[in-house]
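I opened this model to go through its fold, one strand, one pocket and a few single residues. The entries are in the order in which I looked things up.

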Amino acid sequence: MTHTLKRTFAMLLLAIFGSTILYNCEPDPDSLGEQLFNNDAAQGNEISYDVIAYNYNNNDSIRSDAARLISGLNESGGALTVGVLGAFTESQFGMQRASYLTQLRMPVDNYDFNGANPKVDSVVLVIKPPANTTSNTYYFEGDSLKTNTYAKTDFPVDGVATEVSIEKKIYPVRKYGKIGGGSKSMKINVHEITTFLDSNDDSFKRSNKTVSTGELLGSGVFDGNINTISVTKKSDNSVVFTGDLGYRLKLSNTDFFQTHILDKKGKPELQDASNFIRYFKGIRISVDETDKYLYQFSPNDLQLIMYYKYDKVDNGTTTRPQTTLVFNVGGLNAHIGQYEYDRSGTPSANALASINTTDGDAKLYVQGMGGPSAIVKIPDATIAALRDIYNKDKAGILSAKIRVYLDPASWKNTNSTEDRRFTINPLTDTPVNFSKLIFTSDLTAGLGLYNYNIDKGYYDFIVTKTVKDLVEGKKEKDSQGNETLIPNRPLWISAGTFAANATGALLGVRNTTRAFDMNRVIFTGSLDKTNANRVQLKVTYATKK
């Protein structure tokens with residue numbers, strides 16, 4: 001069965017790059033036709049070639065700042081952001097834990113708190129799910145689990161106890177890891193950060209950055225569900241409060257906000273944003289546990305709401321109405337997805353400690369969020385052999401694909417939904433030079449990334465044009481504008497997909513979902529030449545009659 005991603009990418013990239021694809025039953029051998037989009041549909045001779053496939057260690061570090069936590073752009077061009085919280089441990093990859101660091105700002109400079117004598121009532125952190133986009137982040141796992149409706153007679157409306165009806169709808173978040181039983185709940189902590197998050201310092205853009213924390217601002221138990229809330233007055237059915245879909249964590253340390261925010265009214269700390277982010281340096285959201293699950297949220301939609309009362313004088317009468325201060329947590333603030341790993345004694349740790357770049361590795365460990373990737377190298381001798389067939393037999397390559405089999409015997413995620421997606425990039429330099437990453441020529445030509453055969457458990461990464469360009473001696477321009485033969489570059493396969501805007505146009509070669517992709521997978525490598533499921537290059541060609 002062919003994964004729908006291929007068809008989607010083919011359609012999107014046709015529009016993006018304006019490629020003309022001919023749908024002929026019997027195309028010229030040198031053309032790229034419909035058979036390139038249909039798995040195993042090409043007619044001709046198929047030859048399998050061995051490749052060198054080995055692990056690549058990303059050192060459990062990745063850029064995870066605001067510029068990389070983007071799943072795409074919405075219709076108005078706004079960034080759709082995704083972060084990860086939680087922790088998950090299993091036998092092959094070990095422990096992975098995700099926290100989140102963010103600055104916050106006052107809504108306006110020199111905030112006056114509406115009046116005199118402001119006092120904190122409560123502070124709530126709202127964590128919302130990510131937007132549902134073409135890159136398949138999720139609002140929630142399914143439909144509402146249940147709806148609770150109950151009455152309350154003393155709900156405060158403009159300072160008056162009011163009879164209301166409260167409706168709460170509960171939804172499960174999409175989880176990756178262990179689910180149910182004792183694993184469904186995690187303790188979420190919110191700490192003050194005492195290290196300035198300097199966005200001009202590149203070290204503050206990476207997932208393994210450590211910072212110092214100060215006071216605990218609050219903790220709460222997250223049970224894996226998010227909810228919406230609607231409060232309606234009984235007297236006239238008017239809605240007096242709505243809570244968007246999310247998880248609401250009430251912060252217990254109201255004294256911190258009283259002394260650090262309200263008591264600073266009119267003082268330099270609140271004068272402007274520059275002063276404020278150096279005074280109150282931000283918050284860290286983390287979990288206590290090491291073995292539950294990971295889940296995604298929307299950093300730009302985080303809300304930190306402080307409810308407080310103040311003196312209001314009207315016609316000589318003083319009242320104490322309640323109002324809110326909503327901190328600016330998204331936007332221009334520095335953000336970092338902070339990831340921790342413990343691979344001690346695991347097969348992935350052993351594999352990464354002894355990478356065989358000559359013959360390839362037995363198994364390939366691929367993991368998002370800064371975990372390892374895989375590299376596939378087509379031997380130069382294979383390109384030379386294909387060039388001989390091309391020259392001597394006038395052969396035209398109809399399709400070429402790197403076939404990579406899953407290794408479910410080692411590890412399979414049986415507890416939660418997998419949404420495996422990959423990128424493949426030709427490497428201009430090794431180690432990977434992220435500033436020089438490029439798209440495959442297949443992607444830029446509209447041929448897509450890969451197919452997934454769910455029945456046989458393999459992925460076919462499309463390299464048709466990549467191989468054709470090498471065999472046919474195509475040229476490219478170097479940095480000085482000179483034409484040179486396209487080199488036989490290693491292919492870097494990583495977890496995550498390319499981010500796109502609302503119309504499907506890709507945002508750039510370095511704009512991917514790697515920084516928040518929760519998935520991990522083990523592939524069969526290329527070391528064992530007797531294993532029928534080893535990584536191979538599959539080339540289908542035909543000759544002119």
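The notes below start with the whole chain and end with backbone details.

**Whole chain**

I am working from a predicted model, so I looked at confidence before anything else. The protein chain has an average pLDDT of 87, and 89% of the residues score at least 70. I then looked for the weak part and noted residues 1-42, where pLDDT stays under 50. The model still has 90 contacts for that stretch beyond four places in sequence. Where pLDDT is low, predicted coordinates should not be read in detail. I therefore leave the coordinates of such a stretch alone.

For secondary structure I counted seven helices and 31 strands. The chain has 545 residues, of which 52% count as buried. I also looked up contact range: among contacts with a separation of 6 or more, 79% are between residues 24 or more positions apart.

**Strand β22**

I picked β22, residues 373-377, and asked how many of its residues are buried. The result is five of five, so the strand is mostly covered, given that buried means under 20% relative accessible area. Split by side, S373, I375 and K377 lie on one face and A374 and V376 on the other, and both faces are covered.

Next I looked up which strands pair with β22. Strand β2, residues 52-56, runs antiparallel to β22 and is joined to it by five bridges. The pairing of β29 with β22 is also antiparallel, over three bridges. A374 appears in both pairings: N55 stands opposite A374, and in β29 the bridge partner of A374 is I493.

**M518**

From β29 I moved along the chain to M518, which sits in the loop between β29 (491-495) and β30 (520-524). Is M518 buried or exposed? Its relative accessibility is 2%, so M518 counts as buried. Leaving out residues up to four places away in sequence, I listed what M518 touches: V84, R174, Y176, L294, Y295, Q296 and M369. I also took one distance, from M518 to F88: 9.9 Å from C-alpha to C-alpha, with their positions 430 residues apart in sequence.

**Largest pocket**

I looked up the largest pocket and noted a volume of about 910 Å³. It is lined by 33 residues, and those closest to its centre are F155, P156, F241, Y307 and Q322. By class, the lining has 15 nonpolar, eight polar and ten charged residues.

Which strand gives the largest share of the lining? It is β14, with eight residues. Strands that each supply at least two lining residues include β7 (116-127), β8 (146-157), β9 (160-172) and β14 (239-251). β13 (225-233), β17 (303-314) and β19 (322-327) also each supply at least two.

**Backbone details**

I looked for a cis peptide bond and noted one joining T430 and P431, with omega about 0 degrees. P431 is in the loop between β24 (422-426) and α6 (441-444).

I also looked at positive phi values outside glycine. N110 has phi near 50 degrees, and F113 has phi near 60 degrees. N110 is in the loop between β6 (94-102) and β7, and F113 is likewise in the loop between β6 and β7. For burial, N110 has a relative accessible area of 47% and is therefore partly exposed. F113 is at 0% relative accessibility, so F113 counts as buried.

How values were computed
Residues numbered from 1 in each chain as written. Predicted model: local features only at pLDDT ≥ 70, side-chain atom pairs only at ≥ 80, totals over all residues. Heavy atoms only, no water. Helix = DSSP H or I, 4+ residues; strand = E, 2+ residues; numbered from the N terminus. Buried < 20%, exposed > 50% of the residue type's maximum accessible area, 1.4 Å probe, protein only. Contact = heavy atoms within 4.5 Å. pLDDT = per-residue confidence, 0-100. 1 Å grid on protein atoms, 1.4 Å probe; cavity = no way out; pocket = protein on both sides within 12 Å on 5 of 7 lines; lining within 4 Å. Points joined across faces, edges and corners; volume = space filled by probe spheres on them. Nonpolar A, V, L, I, M, F, W, Y, C, P; charged D, E, K, R; others polar. Pairing = 2+ DSSP bridges.
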